[in-house]
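The exercises below are meant to be worked through with the sequence and the model side by side. Each task is followed by a solution that proceeds step by step.

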Amino acid sequence: LMAGGPCPYSRLTVSMKLAFLDPVSVQQWSCSQQRNILENKLGIDLGGTKIEAIVINDAFQVVERKRIATNREEGYDAILQGIVNLAKELIETGNVEGPVGICTPGAIDYQTGTLKNSNTVCLIDKPLKSDLESALSLPILMENDENCFALAEAILGAAKDYSLVFGVVLGTGCGAGIVINKNIHRGPNHI
C-alpha cells in the first residue's frame, strides 16, 4: 500500500467514519449519502503512546484535532479519564453530535465490548466501550485500529480499487487488518 507514498487516510479517519456510517453500511456509502447524514463527528485513535482525536464537519474538513499521551503506565483508569477529558473537550468545542468512533489496540470481544488482547495490557478485559458510553452519554462505535487502517485504505486510500486488502502496521505494537469487498474480515475469533 505504501509504494505510491503514504495514504492521507488513517485509523483515525476510519474511527471517525465509524461514527458517520452507523447505521449506513459501508457498501452503500457514497459522497452524496455522507452529506445527507453527517454533522460534526468525533473519531478517536487510542494508541500505545498517544490518544489522538479529530472532529470533522459534513464536508470532511477538520474542525479540530488534538493529541495527548496515552500514559499507559498509569493504568486503565488514567487512560479512560484521558479519553473522556479529550472527548468532552472536543465534543463541546467541535459541536459534536451522535456516536463517537474509537479505534483500539487489540482484538475486541463484540459480545462484551472488551479487548481480548492488547499491547496496552491494562486494557485487556476492561469494559472500555461501556465506560466511555457512561461517561460521555453517547453511543461508542469501537473497532480494532488495524482493521480501521485497512478499511480506510480500502475505501479511500491506495487500495480503493481492490476487493481484497491486507494492511500491516508496525508501531508500538504490530497488527494487521483484512478487508474483503469493503467489509472488515474478523474471522471466527475476531483476530
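**Exercise 1. A glutamate in a helix**

Does Glu-153 count as buried or exposed, and what is its relative accessibility?

Solution. The model is a predicted one, and the first step is to place the residue, which belongs to helix H5. The second step is to compare its accessibility with the cut-off for burial, which is under 20% relative accessible area. Glu-153 has a relative accessibility of 1% and therefore counts as buried. As a third step, consider its position relative to Lys-182, which is 29 residues away in sequence, while the two C-alpha atoms are 9.6 Å apart in space.

**Exercise 2. The surroundings of H5**

Determine how many residues of H5 are buried, and examine how the helix begins.

Solution. Counting along the helix, one finds that 11 of the 11 residues are buried, so H5 is largely enclosed by the rest of the structure. Among these buried residues are the acidic Asp-145, Glu-146 and Glu-153, together with Cys-148, Phe-149 and Leu-151. At the start of the helix, the backbone nitrogen of Glu-146 lies within 2.9 Å of a side-chain oxygen of Asn-144.

**Exercise 3. The largest pocket**

Describe the volume of the largest pocket, the residues closest to its centre and the make-up of its lining.

Solution. The volume of the largest pocket is about 530 Å³. It is lined by 31 residues, of which Asn-144, Asp-145, Glu-146, Cys-174 and Gly-175 are the closest to the centre. Next, assign the lining to elements: helix H5, strand S8 (164-170) and strand S9 (174-180) each contribute at least two residues, and the largest share, five residues, comes from S9. Finally, sorting the lining by class gives 16 polar, 10 nonpolar and five charged residues.

**Exercise 4. Helix H3 and its packing**

Compare the span of H3 with the expected one, and establish which elements its buried residues pack against.

Solution. Helix H3 covers residues 76-93, 18 in number, and extends 26 Å from its first C-alpha to its last, close to the 26 Å expected at 1.5 Å a residue. Its buried residues include Tyr-76, Ile-79, Leu-80, Ile-83, Leu-86, Ala-87 and Leu-90. To interpret such a list, recall that an α-helix has 3.6 residues a turn, so residues three or four places apart point the same way. The buried residues of H3 pack against strands S1 (41-46), S2 (50-56), S3 (62-69) and S4 (100-104), as well as against helix H4 (128-136). Just after the helix, Asn-95 adopts a positive phi of about 55 degrees.

**Exercise 5. Two buried residues outside the helices**

For Lys-50 and Thr-120, state where each lies, and identify a polar contact of the lysine and the contacts of the threonine.

Solution. Lys-50 is located in strand S2, and its relative accessible area of 14% means that it is buried. The side chain of Lys-50 makes a polar contact of 2.8 Å with the side chain of Asp-45. Thr-120 is found in the loop between strand S6 (114-115) and H4, and at 1% relative accessibility it likewise counts as buried. Once neighbours within four places in sequence are left aside, Thr-120 is in contact with Gly-48, Arg-72, Ile-79 and Pro-105.

How values were computed
Residues numbered from 1 in each chain as written. Predicted model: local features only at pLDDT ≥ 70, side-chain atom pairs only at ≥ 80, totals over all residues. Heavy atoms only, no water. Helix = DSSP H or I, 4+ residues; strand = E, 2+ residues; numbered from the N terminus. Expected span 1.5 Å × (residues − 1). Buried < 20%, exposed > 50% of the residue type's maximum accessible area, 1.4 Å probe, protein only. Contact = heavy atoms within 4.5 Å. 1 Å grid on protein atoms, 1.4 Å probe; cavity = no way out; pocket = protein on both sides within 12 Å on 5 of 7 lines; lining within 4 Å. Points joined across faces, edges and corners; volume = space filled by probe spheres on them. Nonpolar A, V, L, I, M, F, W, Y, C, P; charged D, E, K, R; others polar. Polar contact = N/O pair within 3.5 Å; in protein donor to acceptor, adjacent residues only side chain to side chain.
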